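User: I would like a close look at one part of this protein, explained formally and step by step for a first-year student.

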Amino acid sequence: MVTDCTLYIDEAGDLGIGKGSDWFVLSGVLVEKKNEPQIRETLKNIRNRLNINEIHFRKMASFDKKSYAVSELSKCNFEYIVIIADTNKFDLSKLSKRYTNYTEKPSILLYNHLCRYLLERASWLLRDTNRTADIILSSRGTSRDGDLISYIKDKLIPYNTNQIEDRFGNITAKPASSWDLLQLADVCATSMYNMHQRNGLNFITPCYAYRLHQHLYRYNGKILKYGMKYYDDSMQPNKMYFIENSVCKK
């Protein structure tokens, strides 16, 4: 299949049940191949300006540097989707009943399910805009890369019950350090993670996600359940969570 776009997938947070972060975000950034040179040039300029070799958002300690990176990337052409999970609200008993024939540990089953939600929405966006995409995953450098690729190819895409449209071509895993568009996916995932996860001083920083807000996938003007999908409706915080835990107010 000759494709128009690439879907870059990365994550933020730790899905370890009971021992990970409170929040986990899986992000997919859809970039038309004709727009990739512009984004690569922007990423290069950001790295040069900040004197860094790689844009790894979590490791950028300075608020000003993060803000600069997000501000510059917000001017580029791309769309993105985030699947958000409150790791404290996973119902593992429900999961074990649903996947009785699987031997993987719960964190892998949950990751796979998050991936399904992400690919569903990416495929709807591609279908509705008559486009196709290759998939590039952020590599972990372990056998999990191959397992996830096989899961997507063999267990997700072929089955109509998953509501994933036939819009995907090649699926590969690349390291973010050498595949720069994955650094954009990292920024999108971590910005949304920072909007939900309280930091060491017990507050959230939603400013970065606000700046990227216009790039979220919308369907008939709606973002929720399309560009932003909570794993379960019960995981969506109420407005007071963001008001009470944020320094900046919107």
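Which residues does L119 touch, not counting residues up to four places away in sequence? Please go on from there to the surroundings of this residue.

Analyst: The model is a predicted one, and the description below applies to that prediction. Leaving aside residues up to four places away in sequence, L119 touches L7, I9, I135, I152, L156, I164 and F168.

These contacts belong to a wider picture. The largest nonpolar core has 80 residues, and L119 is among those with the most contacts inside it, together with L26, F78, Y80, F168, L184 and M192. Helix 4 (residues 106-128) supplies the largest share of this core, 11 residues. As a general background, nonpolar side chains in soluble globular proteins tend to be buried together.

The next element to consider is the sheet. Its 6 strands form an open sheet in the order 5-4-1-2-3-6, with mixed pairing. Strand 5 (168-174) and strand 6 (228-230) each have a single partner strand, so each stands at an edge with one side left without a neighbour in the sheet. On average, and with direction ignored, neighbouring strands are turned by 20° against each other.

At one of these edges, strand 4 (residues 133-138) pairs with strand 5 in the parallel sense over 5 bridges. Within this part, S138 stands opposite K174 of strand 5. Helix 5 (residues 143-156) packs on the sheet and touches both strand 4 and strand 5, its direction making about 170° with that of strand 5.

Helix 6 (residues 181-196) also meets the sheet. This helix lies across strand 1 (5-13), strand 2 (23-32), strand 3 (79-86), strand 4, strand 5 and strand 6, and runs at about 40° to strand 1.

Helix 6 has a helical neighbour as well: helix 1 packs with helix 6 at an angle of about 75°, and their axes are 9 Å apart. Helix 1 is therefore roughly perpendicular to helix 6. On the side of helix 1 the contact is made by I39, R40, L43 and R47, and on the side of helix 6 by L181, Q183 and L184. One of these, L184, was named above among the residues with the most contacts inside the core.

Finally, helix 1 (36-50) and helix 6 take part in covering the buried residues of helix 2, and helix 7 (207-211) is also included in that cover. The buried residues of helix 2 (residues 63-73) are K66, A69, V70, S71 and L73. The N-terminal end of helix 2 is capped by S62, which has a side-chain oxygen 3.2 Å from the backbone nitrogen of D64.

Notes
Residues numbered from 1 in each chain as written. Predicted model: local features only at pLDDT ≥ 70, side-chain atom pairs only at ≥ 80, totals over all residues. Heavy atoms only, no water. Core = buried A, V, L, I, M, F, W, Y, C linked by side-chain atoms within 4.5 Å. Buried < 20%, exposed > 50% of the residue type's maximum accessible area, 1.4 Å probe, protein only. Helix = DSSP H or I, 4+ residues; strand = E, 2+ residues; numbered from the N terminus. Contact = heavy atoms within 4.5 Å. Pairing = 2+ DSSP bridges. Axes fitted to C-alpha atoms, helices over the stretch in contact; angles between N-to-C directions. Polar contact = N/O pair within 3.5 Å; in protein donor to acceptor, adjacent residues only side chain to side chain. Parallel < 35°, antiparallel > 145°, perpendicular 65-115°, else oblique.
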